[in-house]
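Open the model in your viewer and keep the selection box handy. We'll go stop by stop: pick what is named, then look around.

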Amino acid sequence: MVDTKPPFKVSQSDKNIARSLRLVATREFKEGDIISKIEGKPASDICYHTVQVDEDKHIELTNDLTYCNHSCEPTTILDTTRMVVVALKDLKEGDELTFFYPSSEWDMAESFNCACGSSQCIHVVKGAKYTAPEVLSRYFINEHIRKQLE
Ligand SMILES: C[S@@+](CC[C@H](N)C(=O)[O-])C[C@H]1O[C@@H](n2cnc3c(N)ncnc32)[C@H](O)[C@@H]1O
């Protein structure tokens, strides 16, 4: 049976972040499951809620995925080749959906001090351009960022 319930919903974050909303799963997902498609429209300017999908292409997300926060210990990947969000681990209802922003963003419009609280936190999130290669090597990184790293 096809589950028509939206896969995520917006809620208030329990972390000390300036923009205080976050995205949580509305049901269970298994590692590797596709949670949703990435849907958006071309963005003329980059800003804190655009997503880079190619070397010179950024989109404005047209659904609640725009509330997906960054984490240095992410629970999902945003795969901009397949244009899908994939569970990085088994998730249960209420778990926060996060991704590693430098996996898609080369040079972010706004950097921020990360409040993810992970023991492997990179602290300043600014884009892949400013992230050490040994740090990036620990994460899934999209093809367009790999090209920019060459
Ligand atoms: C696309 S928005 C994500 C949703 C945002 N929390 C909101 O309420 O609109 C990206 C912004 O959220 C904040 N943010 C996301 N992840 C964060 C984190 N791990 N630590 C601190 N701030 C974060 C930053 O201000 C960032 O520019």
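Start by selecting Cys114, which you'll find in the loop between β11 and β12 (124-125). Its relative accessible area is 15%, and because the cut-off for buried is under 20%, Cys114 counts as buried. Now add Asn69 to the selection: 45 residues separate Cys114 and Asn69 along the chain, and their C-alpha atoms are 9.9 Å apart. Bear in mind as you go that this is a predicted model.

**The ligand**

Keep Asn69 on screen and show the ligand. Which residues come nearest to the ligand? There are 16 residues around it, and the nearest are Arg19, Leu21, Asn69, His70 and Ala115. For the secondary structure, color β7 (69-70) and β11 (112-113): each of these strands gives at least two residues to the shell around the ligand.

Next, go for the backbone atoms. Pick Arg19, where a backbone N or O atom sits 2.7 Å from a nitrogen atom of the ligand. At Leu21, a polar backbone atom lies 2.8 Å from a ligand nitrogen. His70 also brings in a backbone N or O atom, 2.8 Å from a nitrogen atom of the ligand. Taken alone, the ligand would expose 560 Å², and the protein buries 92% of that. If you have a pocket display, turn it on here: the ligand sits in the largest pocket.

**The charged pairs**

Hide the ligand and switch on the charged side chains. How many salt bridges does a search of the whole structure find? The search finds seven. As a reminder of the background, side chains of opposite charge can pair when their charged atoms come close.

Select Lys15 and Glu96. They form a salt bridge, with 3.9 Å between the closest N and O atoms. Lys15 is in the loop between β1 (8-12) and β2 (21-25), while Glu96 is in the loop between β9 (84-87) and β10 (98-99), so this pair ties together parts that are 81 residues apart in sequence. Is each partner buried or exposed, or something in between? Lys15 is partly exposed at 32% relative accessible area, whereas Glu96 is buried at 14%.

Stay on Glu96 and add Arg22. Their side chains meet in another salt bridge, at 4.0 Å from N to O. This one also links distant parts of the chain: Arg22 belongs to strand β2, Glu96 to the loop between β9 and β10, and the two are 74 residues apart. Arg22 is buried, with a relative accessible area of 16%.

Move on to Asp79 and Arg82, whose salt bridge has its closest N and O atoms 3.0 Å apart. Asp79 is buried at 8% relative accessible area, but Arg82 is exposed at 51%. Then select Asp14, Lys15, Arg22 and Glu96 together, and you have one network, joined by salt bridges that share partners.

**A histidine in helix α2**

Select His144, located in helix α2 (residues 143-149). At 3% relative accessibility, His144 is buried. Which backbone oxygens does its side chain reach? Draw one distance from the His144 side chain to the backbone oxygen of Gln52, at 3.2 Å. Draw another to the backbone oxygen of Ser104, at 2.8 Å.

**Two loops to check for backbone angles**

Pull up a Ramachandran plot and pick Met83. Its phi is near 55°, a positive value in a residue other than glycine. Met83 lies in the loop between β8 (76-79) and β9 and is partly exposed, at 25% relative accessibility.

Then pick His123, which isn't a glycine either and yet has a positive phi of about 70°. His123 brings you back to the loop between β11 and β12, where Cys114 also has its place.

**Last stop**

Finish at Ile46, in the loop between β4 (40-42) and β5 (50-54). Ile46 is partly exposed, with 36% relative accessible area. Add Ile59 and draw the C-alpha to C-alpha distance: it comes to 8.3 Å, for two residues that are 13 apart in sequence.

Conventions:
Residues are numbered from 1 along each chain as its sequence is written. This is a predicted model: local features need pLDDT of at least 70, side-chain atom pairs count only at pLDDT 80 or more; totals for chains, interfaces and linings use all residues. Side-chain values use heavy atoms; hydrogens and water are left out. Helices (H or I, at least four residues) and strands (E, at least two) are DSSP runs, numbered from the N terminus. Buried means under 20% relative accessible area, exposed over 50%, partly exposed in between (1.4 Å probe, protein chains only). A residue is near a molecule or strand if one of its heavy atoms lies within 4 Å of it. A polar contact is a pair of N or O atoms within 3.5 Å; within protein, one must be able to donate a hydrogen and the other to accept it, and residues adjacent in sequence count only if both atoms are side-chain atoms. Accessible areas come from the Shrake-Rupley method with a 1.4 Å probe; for residues, only the protein chains shown count as cover. On a 1 Å grid over the protein atoms alone, a cavity is a set of points where a 1.4 Å probe fits but cannot get out, and a pocket is an open set with protein on both sides within 12 Å along at least five of seven lines; lining residues have an atom within 4 Å of a point. A molecule sits in a cavity or pocket if more than half of its atoms lie within 2 Å of its grid points.
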